Amino acid sequence: MNRISMARPSWDDEMRQAAVATLDSLHWVKGPQGKAFGKEFSEYCNAVQGTPCQSGSVALWGALRLLEIGPGDEVLVPSLTYIATATCVSLVGATPVFVDVEPDHWCLDLDALEAARTPQTKAVIAVHLFGQMCDDALPTWCQQHGIAYIEDAAQAHGAVAGSGIKAGGIGDVACFSFFPSKNLAVGGEGGMMVTRREDLAARMDALVNHGRDQRLESHELGSNLRMSEVSAAIGRIQLKRLEGWLARRRTIADRYAEAFQGLPGVVVPEVRPATEHAWHQYCLLVDEPEHLRNILEEANIDSRVYYATPIHRQQVYAGHEQFNTTLPVTDAIAHRLVAVPVHHQMTDDEVQRVIDAVVASTR
Ligand SMILES: Cc1ncc(COP(=O)(O)O)c(C=O)c1O
């Protein structure tokens, strides 16, 4: 019985040819592939500019630099997310303020944001967790209070908000990751900053290139954060496939929802009304995570817990004033969210094996 992994990136002849042709061109950096990938990806998100970079983590750091956030500033972030959502804030010298999530959709909670807002609050980093879009009320709330809205869309390529706008087209800046397990990959590490703001667009391209202009003069602090041309060439082909892959993920998620609804001790992920989920992860909220994971392991199926230790409780934040703070929803669910495979390359038989194992775990 083959192992069913959490992710299996696609790699086909068109991607292979694009990669080899780019290498053959000897134009390995700062070339036409990166420019085209940025343009095509931002058009896909309905934004005005996309700048490819080396990772989602770097994209988040870049977003904060673009918005001129630094020492003395506070940035509201969830604690139920990947570590990079918070560490980017610390890396620019600002303070991450950890905010609780919604009990049903597990994204940032509007009331909790309001409670955490201070005159120092300069931005919110809203994570479209597992591919679920954040509440449309969040960007509106940010606008009302003069707070920047950064989308951490690392897990949400192709997710659609209730407003009909895709992830990436909503925030002042949005950040994507192309790590191999993500819904879109580039044959290595990779990320993208996207903006719908004309005033940030030119600076965004410069930021990944030491803040330099055409005459190679630096205007602001940046670094070499550029994506390689080979990665961009692969990403462009993957982008053409993305909608088809998302459709497959949604079909699998529908089958899971039907099969898992009503199982004792299992809460099925709820899709926010009127939105389209990107199903980067399919997480079940379960009473007995270890038991479910053991049964999956016996059936040779991968699983993960997201996120066993909320960020505010991780050692890197031992000196943070919220280290021992209770975030009631986050603390209650973090260690109970078990992700099962939902990637686009799963066969129907593999989907059935996951279903059988989850159902068996509840008997
Ligand atoms: C929510 C979230 N933010 C940021 C990142 C960072 O992306 P990368 O791994 O490409 O640096 C990830 C990647 O796992 C993520 O899931």
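Two residues count as being in contact here if their C-beta atoms, placed from the backbone, lie within 7 Å. With that in hand, a good place to start in this predicted model is the pairing of two helices. On the α9 side, H291, L292, I295 and L296 do the touching, and they meet A357, V358, A360 and S361 of α11. Sorted by class, this contact between α9 and α11 comes out as six nonpolar residues, two polar ones and no charged ones.

As for geometry, two packed helices are described by the angle between their axes and the distance between the axes. For α9 (residues 289-298) and α11 (residues 348-361), the packing angle is about 140° and the axes are 9 Å apart. Roughly antiparallel would take an angle over 145 degrees, so α9 and α11 end up oblique to each other. The crossing of α9 past α11 is right-handed.

Next comes the ligand. It is surrounded by 14 residues, and the closest of these are S55, G56, S57, A154 and S177. Helices α3 and α4 (84-91) each chip in with at least two residues of this shell. By class, the shell around the ligand holds five nonpolar residues, eight polar ones and one charged one.

Just past α3 in the chain there is a glycine to look at: G70 sits in the loop that runs between α3 (56-66) and β2 (74-78). Leaving aside residues up to four places away in sequence, G70 touches V92, G93 and A94. G70 has 13 other C-beta atoms within 10 Å, so it rates as partly exposed. P119 is 49 residues from G70 along the chain, and the C-alpha atoms of the two are separated by 14 Å.

Finally, a few spots have backbone geometry worth a second look. Most residues other than glycine have a negative phi, and most peptide bonds are trans. F130 is not a glycine, yet its phi is positive at about 65°. This residue lies in the loop between β4 (121-127) and α6 (137-144). With 24 other C-beta atoms within 10 Å, F130 is buried. A274, also not a glycine, has a positive phi of about 70°, and its place is the loop between β8 (266-267) and β9 (282-286). Here the surroundings give 12 other C-beta atoms within 10 Å, so A274 is exposed. As for peptide bonds, the one from Y306 to Y307 is cis, with omega near -5°. Y307 belongs to the loop between β10 (304-305) and α10 (328-333).

Definitions and conventions
Residues are numbered from 1 along each chain as its sequence is written. This is a predicted model: local features need pLDDT of at least 70, side-chain atom pairs count only at pLDDT 80 or more; totals for chains, interfaces and linings use all residues. Helices (H or I, at least four residues) and strands (E, at least two) are DSSP runs, numbered from the N terminus. A residue is buried if 20 or more other C-beta atoms lie within 10 Å of its own, exposed if 12 or fewer, and partly exposed in between; C-beta atoms are placed from the backbone. Axes are lines fitted to C-alpha atoms, for helices over the stretch in contact, and angles run from 0 to 180 degrees between N-to-C directions. Angles under 35 degrees count as roughly parallel, over 145 as roughly antiparallel, 65 to 115 as roughly perpendicular and the rest as oblique. A crossing is left-handed if the near helix is turned anticlockwise from the far one by less than a right angle, and right-handed if clockwise. Ala, Val, Leu, Ile, Met, Phe, Trp, Tyr, Cys and Pro count as nonpolar, Asp, Glu, Lys and Arg as charged, and the others, Gly among them, as polar. A residue is near a molecule or strand if its C-beta atom, placed from the backbone, lies within 6 Å of it.
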